[in-house]
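Dear colleague,

Please find the structure below, handed over for your own inspection. My notes on what was found in it follow directly after.

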Amino acid sequence: MLVENGKVTAVIDWAQIGYGDWMSDFSRLDFWAPGSYGDMRQFAATFGLEADNLAERKALYWSTNALWTIEFAHKANSKNVSKWLHDNILQKLVV
């Protein structure tokens, strides 16, 4: 955690650190909390990010998140995660 003036200003998760497509992180956050960072095109424009094929990239990363969720649910034998995925899979994979 990064702290400034006694307040947490950022949390860095090094688990999947690497140089790559900004849409990977944006889509992962949007998968779990849709709309948290607004429209992806506006986000790209605001920060000067490359914005080709955004819908296709979002679909790819949402699919990857769904697969990771399936893997987690299986390893953790989590009925709650399995139910959530069952209830939301069509919404998450159909763009």
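Leu29 is a residue of helix 1, and in this predicted model Leu29 counts as partly exposed, because its relative accessible area of 42% lies between the limits of 20% for buried and 50% for exposed. Leu29 and Asn65 stand 36 residues apart in sequence, while the distance in space between them, taken from C-alpha to C-alpha, is 9.9 Å.

Asn65 brings in helix 3, since Asn65 is among the residues of helix 3 that helix 1 meets. The axes of helix 1 and helix 3 lie 9 Å apart and form an angle of about 60°, which makes the two helices oblique to each other, as that angle falls between the limits of 35 degrees for roughly parallel and 65 degrees for roughly perpendicular. The crossing of helix 1 with helix 3 is right-handed. From helix 1, the residues taking part are Trp22, Met23, Ser24, Ser27, Arg28, Asp30, Phe31 and Trp32, and they meet Leu54, Arg57, Lys58, Tyr61, Trp62, Asn65, Ala66, Trp68 and Thr69 of helix 3. Sorted by class, the residues of this contact are nine nonpolar, four polar and four charged.

The packing of helix 1 (residues 22-32) with helix 2 (residues 40-47) can be described in a similar way, with an angle of about 135° and axes 12 Å apart. Helix 1 and helix 2 are therefore oblique as well, given that 135° is above the perpendicular range, which ends at 115, and does not exceed the 145 degrees beyond which a pair counts as roughly antiparallel. Their crossing, too, is right-handed. Here Trp22, Met23 and Phe26 of helix 1 meet Met40, Phe43 and Ala44 of helix 2, and the residues of this contact comprise six nonpolar, no polar and no charged.

Which residues of helix 1 are buried? They are Trp22, Met23, Ser24, Phe26, Ser27, Asp30 and Phe31. Of these, Trp22 and Met23 are listed in the contact with helix 2, and both are also listed in the contact with helix 3.

The start of helix 1 deserves a separate look. A side-chain oxygen of Asp21 comes to within 3.0 Å of the backbone nitrogen of Met23 there, and the side chain of Asp21 is also joined to that of Arg57 by a polar contact of 2.6 Å. Arg57 belongs to helix 3, which covers residues 54-76, and it counts as buried because its relative accessibility of 12% is under 20%. Leaving aside residues up to four places away in sequence, Arg57 touches Asp21, Trp22, Met23, Ser27, Glu50, Ala51 and Asp52.

At the start of helix 2, a side-chain oxygen of Asp39 reaches to within 3.0 Å of the backbone nitrogen of Arg41, and after helix 2 comes Gly48, with a positive phi near 65°.

Two further backbone positions may be worth checking in your own viewer. Most residues other than glycine have a negative phi. Asn53, however, has a positive phi of about 55° although it is not a glycine; Asn53 is placed in the loop between helix 2 and helix 3, and it counts as exposed because its relative accessibility of 52% is over 50%. Asn77, which is not a glycine either, has a positive phi of about 50°; Asn77 sits in the loop between helix 3 and helix 4 (79-93), and its relative accessibility of 54% is why it counts as exposed.

Finally, some values for the chain as a whole. The secondary structure of the protein chain consists of four helices and two strands, which follow one another along the sequence in the pattern β-β-α-α-α-α. The C-alpha trace spans about 40 × 35 × 25 Å along its principal axes, and 23% of the 95 residues in the protein chain are buried. Among contacts between residues at least 6 apart in sequence, 49% join residues at least 24 apart.

With kind regards

Definitions and conventions. Residues are numbered from 1 along each chain as its sequence is written. This is a predicted model: local features need pLDDT of at least 70, side-chain atom pairs count only at pLDDT 80 or more; totals for chains, interfaces and linings use all residues. Side-chain values use heavy atoms; hydrogens and water are left out. Buried means under 20% relative accessible area, exposed over 50%, partly exposed in between (1.4 Å probe, protein chains only). A polar contact is a pair of N or O atoms within 3.5 Å; within protein, one must be able to donate a hydrogen and the other to accept it, and residues adjacent in sequence count only if both atoms are side-chain atoms. Contact means heavy atoms within 4.5 Å. Axes are lines fitted to C-alpha atoms, for helices over the stretch in contact, and angles run from 0 to 180 degrees between N-to-C directions. A crossing is left-handed if the near helix is turned anticlockwise from the far one by less than a right angle, and right-handed if clockwise. Ala, Val, Leu, Ile, Met, Phe, Trp, Tyr, Cys and Pro count as nonpolar, Asp, Glu, Lys and Arg as charged, and the others, Gly among them, as polar.
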